[in-house]
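Work through the exercises below with the coordinates at hand. Each task is followed by a stepwise solution.

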Amino acid sequence: MVQSATDPVTLTREPLYLHGIELYRAREFFTCHEVLEELWTPMRGPHRLYLQALIHFAVAFYHQQRRNPLGAERQLRKALRKLERYLPAYEGMDTATLYRDGQACMRRIQAGEMPEPPRMLLQSLVDSRLGHGGE
């Protein structure tokens with residue numbers, strides 16, 4: 001990954017970004033967090049906070065898998081706060097749907113339920129790369 005003002009990084013062309021989304025969809029939340037963090041660590045600019053929001057989503061649902069609702073709620077709150085800046089779409093991601101579904105998950109976690117993680121919906125071109133035709 002090389003980032004400059006004249007050639008900014010496009011996350012939809014980053015293998016780590018796409019692999020992280022694949023891992024999230026496969027409910028491999030811990031590994032998703034690790035992969036996205038590898039991309040996030042050297043990142044600067046607006047992509048950095050966006051990637052951190054996705055990492056928080058992964059960690060939230062990792063906590064939920066481990067039956068830690070308080071940890072899930074805390075991470076989801078961080079994810080939603082950061083994702084707000086990237087609505088309604090960013091880098092191929094339908095952030096508006098992710099945000100809305102994340103809020104619904106938060107309410108369900110607070111009610112003592114175990115909701116399904118919100119889906120990360122990417123534009124059809126990226127979806128075809130991931131082998132998930134047109135969600």
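**Exercise 1: a helix pair**

The crossing of α2 and α3 is left-handed, that is, the near helix is turned anticlockwise from the far one by less than a right angle. Helices are DSSP runs (H or I, at least four residues), numbered from the N terminus. The model is predicted: local features need pLDDT of at least 70, side-chain atom pairs count only at pLDDT 80 or more, and totals for chains, interfaces and linings use all residues. Residues are numbered from 1 along each chain as its sequence is written, and side-chain values use heavy atoms, with hydrogens and water left out.

Task: Determine how α2 and α3 are oriented.

Solution.
Step 1. Fit axes to C-alpha atoms over the stretch in contact and take the angle, from 0 to 180 degrees, between N-to-C directions. The result is about 165 degrees, with the axes 8 Å apart.
Step 2. Because angles over 145 degrees count as roughly antiparallel, α2 is roughly antiparallel to α3.
Step 3. List contacts (heavy atoms within 4.5 Å). On the α2 side they include F29, L36 and W40; on the α3 side, R48, L54 and Q65 are among them.

**Exercise 2: contacts of Y50**

Task: Find which residues Y50 is in contact with, leaving aside its neighbours within four places in sequence.

Solution.
Step 1. Discard those neighbours of Y50.
Step 2. What remains is L11, Y17, L83, Y86, Y90, E91, M93 and T95.

**Exercise 3: confidence**

Task: State the average pLDDT (the predictor's confidence in each residue, from 0 to 100) of the chain.

Solution.
Step 1. The chain averages 89, and 85% of the residues score at least 70.
Step 2. Over residues 1-7 the pLDDT is below 50. Where pLDDT is low, the predicted coordinates should not be read in detail.

Conventions:
Helices (H or I, at least four residues) and strands (E, at least two) are DSSP runs, numbered from the N terminus. Angles under 35 degrees count as roughly parallel, over 145 as roughly antiparallel, 65 to 115 as roughly perpendicular and the rest as oblique.
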